[in-house]
Amino acid sequence: MTSSSELMQSSLALVNHTNIENYKNQNVVIHGKVQSVKNNTLNLLIDPKGNHDLLINGFNKDVPAGEYLAIIGKVASDNSLDYIDMIQLDKDFDLEFVNEIIPLSMHPNAKSFFERN
């Protein structure tokens, strides 16, 4: 199994509801706001504008509703995530902004834009 530090050093795709289906069986990062945690399953709001949420399987942390998290996980066939690790984010995290940036980052010219000096 890959350690968390190895995952952080590798390139992980940022995903949201617009592109998650392209990453089945791959490790990704997704950002969201905790809605609830029940029976080792986290319900994460990933797009507040469109009210999209995502289930994170195997989540065994005690995190209160309303917290913002970055979740590292493996995309399952049903587009849920199998939990690997998490990073707690600031309470002022701008989830709407992240959701707007992710589709832009997939544009063919995005890589050259972000690599400019």
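This is a walk through the fold, from its overall layout to its core, its loops and its surface.

What you have in front of you is a predicted model, so please read the distances and areas below as values computed from it. The protein holds 3 helices and 6 strands. If you trace the chain along the sequence, the elements come in the pattern α-β-β-β-β-β-β-α-α. Of the 117 residues, 35% are buried. Contacts across long stretches of chain are well represented: among contacts with a separation of 6 or more, 51% link residues 24 or more positions apart. On the outside, the protein exposes about 7,300 Å², and carbon and sulfur atoms supply 47% of that area.

Let us go inside. The largest nonpolar core has 20 residues, and Ile30, Ile56, Phe59, Ile71 and Leu81 are those with the most contacts inside it. Several strands feed this core: β2 (27-38), β3 (41-47), β4 (52-57), β5 (68-75) and β6 (81-88) each supply at least two of its residues. There is also a second, separate core of 5 residues, with Tyr68, Phe93, Leu95 and Val98 among them.

Isoleucine 71 is a good place to stand in the main core. This residue belongs to strand β5, and it counts as buried because its relative accessibility is 0%, where the limit is under 20%. Beyond its neighbours within four places in sequence, isoleucine 71 is in contact with Val28, Val29, Ile30, Leu42, Leu44, Ile56, Phe59, Leu81, Tyr83, Asp85 and Met86. Glycine 32 is 39 residues away along the chain from isoleucine 71, yet their C-alpha atoms are separated by 8.1 Å.

One of those partners, leucine 81, gives another view of the core. Setting aside residues up to four places away in sequence, leucine 81 touches Ile20, Val28, Ile30, Leu54, Leu55, Ile56, Asn57, Ile71, Gly73, Lys74 and Val75. Ile30, Ile56 and Ile71, which appear in that set, are also listed with leucine 81 among the residues with the most contacts in the main core.

Now move to strand β3, where leucine 42 and asparagine 43 follow one another. Is leucine 42 buried or exposed? With a relative accessibility of 0%, leucine 42 counts as buried. Its contacts, leaving aside neighbours within four places in sequence, are Val34, Ser36, Val37, Leu54, Leu55, Ile56, Phe59, Leu69 and Ile71. Leucine 42 and asparagine 60 are 18 residues apart in sequence, with 8.6 Å between their C-alpha atoms.

Asparagine 43 has a polar side chain, so you may wonder how it is placed. At 18% relative accessibility, asparagine 43 counts as buried, because the cut-off is under 20%. Which side chain does asparagine 43 join through a polar contact? The partner is aspartate 53, at 3.3 Å. Outside its neighbours within four places in sequence, asparagine 43 is in contact with Lys33, Val34, Gln35, Ser36, Asp53, Leu54 and Leu55.

The loops leading into β2 and β3 each offer a backbone detail to look at. Asparagine 25 sits in the loop between β1 (13-14) and β2, and its phi is near 65 degrees, a positive value in a residue other than glycine. Asparagine 25 counts as exposed because its relative accessibility is 58%, and exposed means over 50%. In the loop between β2 and β3 you will find asparagine 40, with a phi near 60 degrees, again positive in a residue other than glycine. Asparagine 40 has 46% relative accessibility and counts as partly exposed.

Our last stop is helix α2 (residues 95-105), which holds phenylalanine 97 and also proline 103. Phenylalanine 97 counts as partly exposed, at 48% relative accessibility. Together with Ile101 and Leu104, Phe97 makes a nonpolar surface patch of about 290 Å². Proline 103 is partly exposed too, with a relative accessible area of 37%. Where does proline 103 find its contacts, once residues up to four places away in sequence are not counted? It touches Asn16 and Thr18. Asparagine 19 lies 84 residues from proline 103 along the chain, while the C-alpha atoms of the two are separated by 7.7 Å.

Conventions
Residues numbered from 1 in each chain as written. Predicted model: local features only at pLDDT ≥ 70, side-chain atom pairs only at ≥ 80, totals over all residues. Heavy atoms only, no water. Patch = residues over 30% accessible without salt bridge, like charges linked within 9 Å, V, L, I, M, F, W, Y side chains within 5 Å. Areas by Shrake-Rupley, 256 points an atom, 1.4 Å probe, with all protein chains shown as cover. Salt bridge = Lys/Arg side-chain N within 4 Å of Asp/Glu carboxyl O. Helix = DSSP H or I, 4+ residues; strand = E, 2+ residues; numbered from the N terminus. Buried < 20%, exposed > 50% of the residue type's maximum accessible area, 1.4 Å probe, protein only. Core = buried A, V, L, I, M, F, W, Y, C linked by side-chain atoms within 4.5 Å. Contact = heavy atoms within 4.5 Å. Polar contact = N/O pair within 3.5 Å; in protein donor to acceptor, adjacent residues only side chain to side chain.
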